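Notebook, today's session. I opened the model to look up a metal site and a few backbone angles.

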Amino acid sequence: MKFPPKIEITEVGPRDGFQNIKEWIPTETKLKIIDWLITCGLKKIEATSFVNPKAVPQMADAAEVITTLKQKYSDVTFTALAPNLRGVRSAIEAGADEVAYIISASERHNFENTKQTIDQSLEGLGEVVKIAGGTKIMLAIPTTFNCPWTGKVPVENVIKIIEYGLAVGVSEIGLGDTIGSANPLQVEELLDILKLKFPLLSPVLHFHDTRGMGLANVIAAMQAGATKFETSVGGLGGCPFAPGASGNIATEDLVNMLEGMTIQTGIDIEKLMKAVSRTKEVLSVPIISHMASALDCVV
Ligand code: ZN
């Protein structure tokens, strides 16, 4: 097995995790958790989402979160998710370094998420890139592998979206296993197809651990050449528009595995475990990660 010497991790807990917590998390608490995560060495954080606050009330303070973080930190990249042009505009106005614009590979999931067809979303992406100016646009593709309603997603859908994205000039491509049902073989096969089609592409992989295959999928993805992953502190996460989606791979589980394999992450696992404990204290949700359970055993 061949592994890369270094992996880039984007922390998505403050977006993917918080958006699934019903009880309001005060802005101050959200910012505090992000501070703790930055102390551990995380350099890229998906801090919030510019969605309709009626649909996802937890993200109503998106602008305040980004503005405050940008005033405080100059060496961390803050990214925000946006499902439509209006959200992208607000994210740019607030000062996000990068905006993740989402187009699902599954037609049905894309419609549930954005009320648009994939073709309409692609047209929207053209507009998004035009208004972005200096702000980077990441094209995030949920349900890259499987859809909660329609099953296995055709690879052609993924290829079509990536082709369009690269043609209009997005800076990153994100591939999401939104419902955590992909397996290592599926991951390797898809990445091999994409490598042939887009030899220079280095996608960001976003795995959910719903069926316990998150870390196995990371290994498969690294074998296929992937070096960028999105994870969430304490394994928080899900998808409000995908029934059955549960948490992401826990950041601490991935860091523990990679550092043990002498693959650099730039993240201090001891500090990260402290951040996990503190996050557990301030949030009213269970923290489900292997490392958190291991910590409970030793304390
Ligand atoms: Zn997710």
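Entry 1, the metal site. I note that the model is predicted. I looked up the donors of the zinc ion and found D16 through OD, H206 through NE2 and H208 through NE2, at 2.0 to 2.1 Å. Along the chain I read their spacing as D-x189-H-x1-H. I placed D16 in helix α1, residues 13–17, and H206 in strand β9, residues 204–207, so this pair ties together parts that are 190 residues apart in sequence.

Entry 2, burial of two donors. Are D16 and H206 buried or exposed? I took under 20% relative accessible area as the cut-off for buried. D16 has 2% and is therefore buried. H206 has 9% and so counts as buried.

Entry 3, K115. I looked up phi and got a value near 60 degrees for K115, which is positive in a residue other than glycine. K115 sits in the loop that runs between α5 (107–114) and α6 (118–132). I checked its accessibility against the cut-off for exposed, over 50%. The relative accessible area of K115 is 54%, so I logged K115 as exposed.

Entry 4, T143. Phi is positive here too: T143 is not a glycine, and I read about 50 degrees. Where is T143 found? I located T143 in the loop between β5 (136–141) and β6 (146–147). Its relative accessibility is 0%, so I logged T143 as buried.

Entry 5, the two loop residues side by side. K115 is exposed, whereas T143 is buried.

Note on methods: Residues are numbered from 1 along each chain as its sequence is written. This is a predicted model: local features need pLDDT of at least 70, side-chain atom pairs count only at pLDDT 80 or more; totals for chains, interfaces and linings use all residues. Side-chain values use heavy atoms; hydrogens and water are left out. Donors are N, O and S atoms within 2.8 Å of the metal (3.2 Å for Na, K and Ca); water is not among the atoms, so sites may look incomplete. Helices (H or I, at least four residues) and strands (E, at least two) are DSSP runs, numbered from the N terminus. Buried means under 20% relative accessible area, exposed over 50%, partly exposed in between (1.4 Å probe, protein chains only).
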